[in-house]
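Biologist: I've got a fold open on my screen and would like to talk it through. Can you pull it up too?

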Amino acid sequence: MGKNLHLFLAKQFANGKPSLFSAFHLIWIFIILLCTVIIVSSLWKYRKNPKTIFYFLLVIWIFMLIIESFKQFWSGSNLVGDKWFWKYDASRYLPFALCSMSIYFIPLYLATSKTKRIKIWILDFICLFNLYGGIFVLLYPAAVFEKNIFACYHTMLWHGSMAIIGLTLLFWRITTLSWKSLFRAFSIFIIIWLIAGLANEITWQVSNAKNISEDKMVVFLEVSHRLKNYFLEMFSDMTNGKFTMSPTQFYFFYAFYTFVVINLFFWIFGGIAQIPFGIIKLNNYIKAKKLEKFELKRQEFAKNNYLNYV
């Protein structure tokens, strides 16, 4: 069974990995937007019910766990000749990247959903960082596309799920368009960032003392001020090598960059999310004006008829 599943997940694209804004890329963007519209509209009447948010996040969390389980299997699955075996490299595949935070913070929200103060902070973080990570990768997936079919489908399903979470919570106004929401989300990010930096430093010190090779070290959030990091390489690729910075410098730069991009996505997509409520408010205003006009005509009619019969 392991061999058959490995062969299924190991299939490659015939023409290499998908390119940026190829048919594969654009179709996935359309699918994610369509799914978002369906979820937002179909549950619109129940959006204010805490159970709706609870089960919405629970279902997506279970879905993400399932596809991540397949990824973990694929990551450690090896086939040499006709012999299949399992050899897992935790330093490369352990789900401790920034985009993996959903599988840890969603259950944290589910466990604290009845605690008002805590759940607001967690929900704001879940919304904004899923929006940031999901939308960013959907718009620029070149850094995560591979020749492997499963890897590309996984990354689009994973980051698509993130985008759906962020957009849905914004459209339902679970996370409001306010500086408080931004502050709460970014405060949690900074705490995670500092913890990851400390954890990476401790890991480096311990591993160095034991003479463990650098490529075998676990790097939390895939960023380290000691080692090469994924994000620095990604920015180098995006700018054709014009963006150069040491890991230590980038560690501080990325926090600032994240704040800028989150602000940008938050206000753009948050503003778009206000459109349905603006339409509803405008519609209610027009109805109120029509009723007011009708009432004035009714009163005038009643007054004129009263005078005619006196």
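What follows is a chat about the core, the surface and the salt bridges of this predicted model.

Biologist: Let's start inside. Which helix gives the largest share of the largest nonpolar core?

Modeller: That core has 73 residues, and Tyr132, Phe189 and Tyr254 touch the most other members. The elements giving two or more residues to this core include H2 (23-42), H3 (50-76), H8 (179-209) and H10 (247-309). The largest share, 13 residues, comes from H6.

Biologist: And beyond its neighbours within four places in sequence, what is tyrosine 132 in contact with?

Modeller: Tyr132 is among the core members that touch the most others. Setting aside neighbours within four places in sequence, the contacts of tyrosine 132 are Leu98, Tyr254, Tyr257, Thr258, Val261, Ile262 and Phe265.

Biologist: How many residues are in the other core, the one with Trp74?

Modeller: That one lies apart from the 73-residue core. Among its members are Leu9, Trp74, Phe150 and Ala151. The count is five residues.

Biologist: Now the outside. Is leucine 34 buried, partly exposed or exposed?

Modeller: Leucine 34 sits in helix H2 and belongs to a nonpolar surface patch of about 470 Å², together with Ile27, Phe30, Ile31 and Ile38. Buried would need under 20% relative accessible area, and exposed over 50%. Leucine 34 has 42%, so the answer is partly exposed.

Biologist: On to charges. How many salt bridges do you count, and which residue meets lysine 3 in one?

Modeller: Side chains of opposite charge can pair when their charged atoms come close. The count here comes to three salt bridges. In one of them, with N to O at 3.8 Å, lysine 3 meets aspartate 82.

Biologist: How many residues apart are lysine 3 and aspartate 82?

Modeller: Lysine 3 is in helix H1 (residues 2-9), whereas aspartate 82 is in the loop between strand E1 (77-80) and strand E2 (83-86). Lysine 3 is partly exposed at 31% relative accessible area, and aspartate 82 is exposed at 66%. The pair links distant parts of the chain, and the separation is 79 residues.

Biologist: What about aspartate 124 and arginine 184: buried or exposed?

Modeller: They form a salt bridge whose closest N and O atoms are 2.5 Å apart. Because aspartate 124 lies in helix H6 and arginine 184 in helix H8, the pair ties together parts 60 residues apart in sequence. Buried means under 20% relative accessible area. Aspartate 124 has 2% and arginine 184 has 17%, so each of them counts as buried.

Biologist: And which residue pairs with arginine 226?

Modeller: Arginine 226 lies in the loop between H8 and H9, and its partner is in helix H8, so parts 25 residues apart in sequence are tied together. Arginine 226 is partly exposed at 38%, while the partner is buried at 18%. The salt bridge has an N to O distance of 2.8 Å, and the partner is glutamate 201.

Biologist: One last thing. Which residue's backbone oxygen does the side chain of serine 207 reach?

Modeller: Serine 207 is in helix H8 and counts as buried, with 8% relative accessibility. Leaving aside neighbours within four places in sequence, serine 207 is in contact with Ile212 and Met217. At 2.7 Å, the side chain of serine 207 reaches the backbone oxygen of threonine 203.

How values were computed: Residues are numbered from 1 along each chain as its sequence is written. This is a predicted model: local features need pLDDT of at least 70, side-chain atom pairs count only at pLDDT 80 or more; totals for chains, interfaces and linings use all residues. Side-chain values use heavy atoms; hydrogens and water are left out. A nonpolar core is a set of buried Ala, Val, Leu, Ile, Met, Phe, Trp, Tyr and Cys residues joined through side-chain atoms within 4.5 Å. Buried means under 20% relative accessible area, exposed over 50%, partly exposed in between (1.4 Å probe, protein chains only). Helices (H or I, at least four residues) and strands (E, at least two) are DSSP runs, numbered from the N terminus. Contact means heavy atoms within 4.5 Å. Patches are made of residues with over 30% relative accessible area and no salt bridge: like charges are joined within 9 Å, nonpolar side chains (Val, Leu, Ile, Met, Phe, Trp, Tyr) within 5 Å. Accessible areas come from the Shrake-Rupley method with a 1.4 Å probe; for residues, only the protein chains shown count as cover. A salt bridge is a side-chain nitrogen of Lys or Arg within 4 Å of a carboxyl oxygen of Asp or Glu. A polar contact is a pair of N or O atoms within 3.5 Å; within protein, one must be able to donate a hydrogen and the other to accept it, and residues adjacent in sequence count only if both atoms are side-chain atoms.
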